[in-house]
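Here's a quick briefing to read with the model open in your viewer. Have a look first, then come back for the notes.

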Amino acid sequence: MKSFPRSRLCRATLLTALGLTITAIAHAASITGVVTNKTTNKPAAGDDVVLIAFGQGMQEAGRTKTDSQGHFTLNLPDNGMHLVRVDHQKAAYFEPVQPGTTTVNVTVYDVEPKVEGVSAEANVMRIETTPQGLHVVQNYFVKNDSNPPRTQFSNRAYEIYLPPRCQD
């Protein structure tokens, strides 16, 4: 086995460590984007932007705020699938981030508890019997023709009423 002088070995170790660090930095990726408020057709400034990773369930992997022009940047912790969530006026808007994606733009709308032009298009009820009893699934299909476009959102935006005997 060939031996190297101590200084040469230390230099080689240091260069290897620096190379690994530079490689790790080079592989660190980020995602940028713009959040636009389509109610006003202006940038959405000051909105929370959250990066959600799909590891063991959905976990927050990063967080930032949009700047005055609606821009944001988030560091991606890995090359997997992610989701960007933008919180605008207490409503959440989502955009998927496919592996390899570097830009994601998100559209948001002004929020009101009741919006003129929002209506139910269909009310579909599916009733099944199960070993545990009667199982009811009800789907509402909602149409939004608001102008300018807005999001209807509140603690009780869409209320569902059950007859008294069905509430158990």
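What follows is a walk through the fold, the core, one buried polar residue, the surface and the salt bridges.

Keep in mind that this is a predicted model. You're looking at a protein with one helix and twelve strands, and the helix comes ahead of the strands when you read along the sequence. Buried residues account for 23% of the 168 residues.

**Overall picture**

- Take the contacts between residues at least 6 apart in sequence: 51% of them join residues at least 24 apart.
- The protein exposes about 12,200 Å², and carbon and sulfur atoms supply 54% of that area.

**The nonpolar core**

- In soluble globular proteins, nonpolar side chains tend to be buried together.
- Here, the largest nonpolar core has 17 residues.
- The residues with the most contacts inside this core are Val35, Val49, Val84, Val86, Val106 and Val108.
- At least two core residues come from each of β1 (29-37), β3 (48-55), β5 (71-76), β6 (82-88), β7 (91-97) and β8 (106-108).
- Val108 is a good one to click on: leaving out residues up to four places away in sequence, it touches a set that includes Val35, Ala44, Val86 and Tyr93.
- The contacts of Val108 also take in Thr36, Asn37, Lys38, Thr39, Asp47 and His88.

**Asn37, a buried polar residue**

- Asn37 sits in strand β1.
- Is Asn37 buried or exposed? Its relative accessibility is 5%, so Asn37 counts as buried.
- The side chain of Asn37 makes a 2.7 Å polar contact with the side chain of Asp110.
- Not counting residues up to four places away in sequence, Asn37 touches Lys42, Ala44, His88, Val108, Tyr109 and Asp110.

**Out on the surface**

- Met125, Ile127, Leu134 and Val136 make a nonpolar surface patch of about 410 Å².
- β10 (118-130) and β11 (133-144) are the elements that give two or more residues to this patch.
- Leu134, one of the patch residues, belongs to strand β11.
- Why does Leu134 count as exposed? Because its relative accessible area is 61%, and the cut-off for exposed is over 50%.
- Lys90 lies in the loop between β6 and β7, and it counts as exposed at 77% relative accessibility.
- Lys90 and Asp110 are 20 residues apart along the chain, with 10.0 Å between their C-alpha atoms.

**Salt bridges**

- How many salt bridges does a search of the whole structure find? There are six, and three of them are described here.
- Glu112 and Arg150 pair through their side chains at 3.6 Å, N to O.
- That pair links distant parts of the chain, with Glu112 in strand β9 (residues 110-112) and Arg150 in strand β12 (residues 150-152), 38 residues apart.
- Glu112 counts as partly exposed at 30% relative accessibility, whereas Arg150 counts as buried at 15%.
- Another salt bridge joins the side chains of Glu60 and Arg63 at 3.0 Å, N to O, and Arg63 is partly exposed at 44% relative accessibility.
- The side chains of Asp145 and Lys143 also meet in a salt bridge, at 3.5 Å, N to O.
- In that pair, Asp145 is exposed with a relative accessible area of 51%, while Lys143 counts as partly exposed at 35%.

Conventions. Residues are numbered from 1 along each chain as its sequence is written. This is a predicted model: local features need pLDDT of at least 70, side-chain atom pairs count only at pLDDT 80 or more; totals for chains, interfaces and linings use all residues. Side-chain values use heavy atoms; hydrogens and water are left out. A nonpolar core is a set of buried Ala, Val, Leu, Ile, Met, Phe, Trp, Tyr and Cys residues joined through side-chain atoms within 4.5 Å. Buried means under 20% relative accessible area, exposed over 50%, partly exposed in between (1.4 Å probe, protein chains only). Helices (H or I, at least four residues) and strands (E, at least two) are DSSP runs, numbered from the N terminus. Contact means heavy atoms within 4.5 Å. Patches are made of residues with over 30% relative accessible area and no salt bridge: like charges are joined within 9 Å, nonpolar side chains (Val, Leu, Ile, Met, Phe, Trp, Tyr) within 5 Å. Accessible areas come from the Shrake-Rupley method with a 1.4 Å probe; for residues, only the protein chains shown count as cover. A salt bridge is a side-chain nitrogen of Lys or Arg within 4 Å of a carboxyl oxygen of Asp or Glu. A polar contact is a pair of N or O atoms within 3.5 Å; within protein, one must be able to donate a hydrogen and the other to accept it, and residues adjacent in sequence count only if both atoms are side-chain atoms.
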